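The following exercises ask the reader to reason from a structure to the placement and contacts of its residues. Each task is followed by a solution worked in steps.

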Amino acid sequence: MEQELDLRDLLRIIRKRVIWLFLIPVTAVIVSALVSLFVIKPQYEATTTLLIGRAADQGHIAYQDIMMYRQLVSTYSEIAKSRSVAEAVIKELRLNMTTDELSDLVTVNAVKDTEIIAIKVKNSDPDMARRIANQVLTTCL
């Protein structure tokens, strides 16, 4: 047995539940706004980069030099992630955190097929993220 719904029946159903069709999305928007404003802390990301190599005005750069710089990228990346660098950054900036906590904030990546290292720091304070990223870079040099 088939039941047919005509347009009038559909409109009647919609009119009957119009308050719910309006109330549910409005409530979801209000709850989302309150959560994002008062519960979730904003996270800022500071990025600094390091170019491994020598200046182009210092003369001809050979293919072997480029390959050596690319190998140095992985070496410097590991140095930037090291515990000794984290300890030096904590000491220099007088941070109240452990090396593991600092390591969780810092991400070091070699930019693919280049001689560039990207150091990213996430923190709830944008100035602190910038200071940590710059100090990690300075400590690696």
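**Exercise 1. Classify Lys81 by its exposure, and find its charged partner.**

Solution. The model is predicted, and every value used here is computed from it.
Step 1. Lys81 has a relative accessible area of 44%. Buried requires under 20% and exposed over 50%, so Lys81 is partly exposed.
Step 2. The partner is Glu78: the closest N and O atoms of the two residues are 3.8 Å apart. The cut-off for a salt bridge is 4 Å, and the pair therefore qualifies.
Step 3. Both Lys81 and Glu78 belong to helix H3, where three residues, about one turn of the helix, separate them.

**Exercise 2. Determine what the salt bridge between Arg83 and Asp100 ties together.**

Solution.
Step 1. The closest N and O atoms of Arg83 and Asp100 are 3.8 Å apart, and the two residues form a salt bridge.
Step 2. Arg83 lies in helix H4 and Asp100 in helix H5, so this pair ties together parts that are 17 residues apart in sequence.
Step 3. Arg83 is partly exposed at 48% relative accessibility, and Asp100 is partly exposed at 48% as well.
Step 4. In general terms, side chains of opposite charge can pair when their charged atoms come close.

**Exercise 3. State how many salt bridges are counted, and describe the one that involves Asp9.**

Solution.
Step 1. The count comes to four salt bridges.
Step 2. The side chain of Asp9 meets that of Arg12 at 3.0 Å, N to O.
Step 3. Both residues lie in helix H1, three residues apart, about one turn of the helix.
Step 4. Asp9 has a relative accessible area of 22%, and is therefore partly exposed.

**Exercise 4. Decide whether Thr99 is buried or exposed, and list what surrounds it.**

Solution.
Step 1. Thr99 lies in helix H5, which covers residues 99-105.
Step 2. Its relative accessible area is 13%, so Thr99 is buried.
Step 3. Leaving out residues up to four places away in sequence, Thr99 touches Arg83, Ala86, Glu87 and Ile90.
Step 4. With Arg83 there is also a polar contact, side chain to side chain, at 2.9 Å. Arg83 thus has a polar contact with Thr99 and a salt bridge with Asp100.

**Exercise 5. Identify the elements that build the largest nonpolar core, and place Ile132 within it.**

Solution.
Step 1. The largest nonpolar core has 25 residues. Those with the most contacts inside it are Val89, Leu95, Leu102, Val106, Ile132 and Val136.
Step 2. Two or more residues come from each of strand S1 (44-51), helix H3 (63-81), helix H4 (83-93), strand S2 (106-110), strand S3 (116-123) and helix H6 (126-140).
Step 3. Helix H6 gives the most to this core, with seven residues.
Step 4. Not counting residues up to four places away in sequence, Ile132 touches Val89, Leu93, Leu95, Leu102, Leu105, Val106, Val121 and Asn123.
Step 5. In soluble globular proteins, nonpolar side chains tend to be buried together.

**Exercise 6. Find which nonpolar residues form a patch on the surface, and examine Val31.**

Solution.
Step 1. The patch consists of Phe22, Val26, Ile30, Val31, Leu34, Val35, Leu37, Phe38, Val39 and Ile40. Together these residues have about 1,000 Å² of accessible area.
Step 2. Val31 lies in helix H2 (residues 18-38).
Step 3. The relative accessible area of Val31 is 45%, so this residue is partly exposed.

**Exercise 7. Describe the setting of Ser77 and of Arg94.**

Solution.
Step 1. Ser77 is in helix H3, and at 6% relative accessibility it is buried.
Step 2. Leaving aside neighbours within four places in sequence, Ser77 is in contact with Val108, Ala110 and Ile117.
Step 3. Arg94 is found in the loop between H4 and H5, and its 76% relative accessibility makes it exposed.
Step 4. Arg94 has a positive phi of about 55 degrees although it is not a glycine.

**Exercise 8. Give the separation of Gln3 and Ala110 in sequence and in space.**

Solution.
Step 1. Gln3 is in the segment before helix H1 (7-16), and is exposed at 80% relative accessibility.
Step 2. Gln3 and Ala110 are 107 residues apart in sequence, and their C-alpha atoms are 64 Å apart.

Definitions and conventions. Residues numbered from 1 in each chain as written. Predicted model: local features only at pLDDT ≥ 70, side-chain atom pairs only at ≥ 80, totals over all residues. Heavy atoms only, no water. Patch = residues over 30% accessible without salt bridge, like charges linked within 9 Å, V, L, I, M, F, W, Y side chains within 5 Å. Areas by Shrake-Rupley, 256 points an atom, 1.4 Å probe, with all protein chains shown as cover. Helix = DSSP H or I, 4+ residues; strand = E, 2+ residues; numbered from the N terminus. Buried < 20%, exposed > 50% of the residue type's maximum accessible area, 1.4 Å probe, protein only. Core = buried A, V, L, I, M, F, W, Y, C linked by side-chain atoms within 4.5 Å. Contact = heavy atoms within 4.5 Å. Polar contact = N/O pair within 3.5 Å; in protein donor to acceptor, adjacent residues only side chain to side chain.
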